Amino acid sequence: MKTNTLVVALVFSVFLLKNSGAVAQVTCDSLSWRFPVNRFAIDGDELIADLEAKGWNRTFFENHRVSLVIEGATDCPGSYQYNSKLAYNRALYLQNYFEMAGYPDVTIAQSLAYPEKGCTKKNQAYNPANRMVSVMLCAEEKTETLKIAEPAVVDTDPPKQDEATSMAATLVNLEPGQTLVIGGLNFYPGSHRTLPEAKSVMNKLAEIMKENPQLSIEVQGHVCCADRPDEDGIDDETGKDNLSWARAKEVYDFLVKEGIEPHRVTYKGYAMKKPLVFPEVTIKDQIKNRRVEIMIISR
């Protein structure tokens, strides 16, 4: 782990050189999770709890410039091809979290896969210690710098709206049959659980439904990263091949819990039948396809 930490520090120092012209004081640390056998995700609540306990919360990320190296690993059983893909997907799971969480000033310096970690010809057994998937973090604290006063500039552009406000302004003007991608309503990879940042968007959706009692909608779930249009994702929490449906139902359940009459909301999973981006080349392409849309039924 010490060698890996030095690698992260070096990568981050190079990043600082390119962006600030000098190497600042960098502190490094790491955090690891033990993944279940043959699974590429862990419980989202556990992930957040461990980050919070480590002090890597939103306030920390807002006050630091951060570089991450992510390492996915597997133990021995299974083919090398299978283990390589599993190790990669475990690293990608954590990378997707940091990509989607919206933390400012975070750079994914490297995302690495280590299949069959610790394996030898004599040691081909399951070993939980070899399924430890790590995030190594180096951070530089942001500091205030004195700037020469410049003439005031009048901003003539209107202020940007947040996702919830933007949705409210658009949704009430749609006609029956039209759909709206709900920005900010993102999920943990391989899970129907929403990221914490999605709460304000879901609260706003419930508020819109209450303010417009004639409005009926269909919640449409979509997934990324499939090879065929009819291929759905596997919900890691249930093991079922219905992730797009489960994500739509998660939103439906939230609205009903908030007091919206069930007959005003339906839900459906569309698997990979309606991708916004194809083929998916980058992580951002995958995030765009991993979404929920709202279709107006009546108003």
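Where does Asn38 lie? Select Asn38 in this predicted model, and you will find it in the loop between strand S1 (27-34) and helix H2 (44-54). Colour the residue by its backbone torsions as well, since Asn38 has a positive phi of about 65 degrees although it is not a glycine. With a relative accessible area of 39%, Asn38 is partly exposed.

**The whole chain**

Zoom out next to take in the protein, which has eight helices and eight strands. Of its 299 residues, 42% count as buried, and the protein exposes about 16400 Å², of which carbon and sulfur atoms supply 52%. If you display contacts between residues at least 6 apart in sequence, 77% of them join residues at least 24 apart.

**Helix H7**

Now select residues 243-257, which make up helix H7. For its 15 residues a rise of 1.5 Å a residue predicts a span of 21 Å, and the end C-alpha atoms are 21 Å apart, so the expected and modelled values agree. Show the side chains of Leu243, Ser244, Ala246, Arg247, Ala248, Glu250, Val251, Tyr252, Phe254 and Leu255, which are buried. To see what the buried residues of H7 pack against, add helix H6 (199-211) together with the strands S6 (216-221), S7 (265-269) and S8 (292-298). Just after H7, stop at Gly259, where phi is positive at about 105 degrees.

**Salt bridges**

Keep Glu250 on display and add Arg193, because the side chains of these two residues meet in a salt bridge with an N to O distance of 3.9 Å. Arg193 lies in the loop between strand S5 (179-181) and H6, whereas Glu250 belongs to helix H7, so the pair ties together parts that are 57 residues apart in sequence. Arg193 counts as partly exposed at 38% relative accessibility, while Glu250 is among the buried residues of H7.

A search of the whole structure finds eleven salt bridges. One of the pairs to select is Glu140 with Arg65, whose side chains meet at 2.9 Å, N to O. This pair links distant parts of the chain, with Glu140 in strand S4 (residues 132-141) and Arg65 in strand S2 (residues 64-73), 75 residues apart. Glu140 has a relative accessible area of 15% and Arg65 one of 18%; with the limit for buried set at under 20%, both residues therefore count as buried.

Move on to helix H6, where Lys204 and Glu207 both lie, three residues apart, or about one turn of the helix. The closest N and O atoms of their salt bridge are 3.2 Å apart. Lys204, at 23% relative accessibility, counts as partly exposed, and Glu207 does so at 34%. Then select Arg228, Asp230 and Glu231, which are linked in a network of salt bridges.

**The loop between S7 and H8**

What is the peptide bond from Phe278 to Pro279, cis or trans? Select the two residues and inspect omega, which is near 0 degrees, so that the bond is cis. Pro279 lies in the loop between S7 and helix H8 (283-289), and Ala271 is placed in the loop between S7 and H8 too. Phi of Ala271 is near 50 degrees, a positive value in a residue other than glycine. Ala271 is buried, with a relative accessible area of 7%. As background for these stops, most residues other than glycine have a negative phi, and most peptide bonds are trans.

Technical notes:
Residues are numbered from 1 along each chain as its sequence is written. This is a predicted model: local features need pLDDT of at least 70, side-chain atom pairs count only at pLDDT 80 or more; totals for chains, interfaces and linings use all residues. Side-chain values use heavy atoms; hydrogens and water are left out. Helices (H or I, at least four residues) and strands (E, at least two) are DSSP runs, numbered from the N terminus. The expected span of a helix is 1.5 Å times one less than its number of residues. Buried means under 20% relative accessible area, exposed over 50%, partly exposed in between (1.4 Å probe, protein chains only). Contact means heavy atoms within 4.5 Å. Accessible areas come from the Shrake-Rupley method with a 1.4 Å probe; for residues, only the protein chains shown count as cover. A salt bridge is a side-chain nitrogen of Lys or Arg within 4 Å of a carboxyl oxygen of Asp or Glu.
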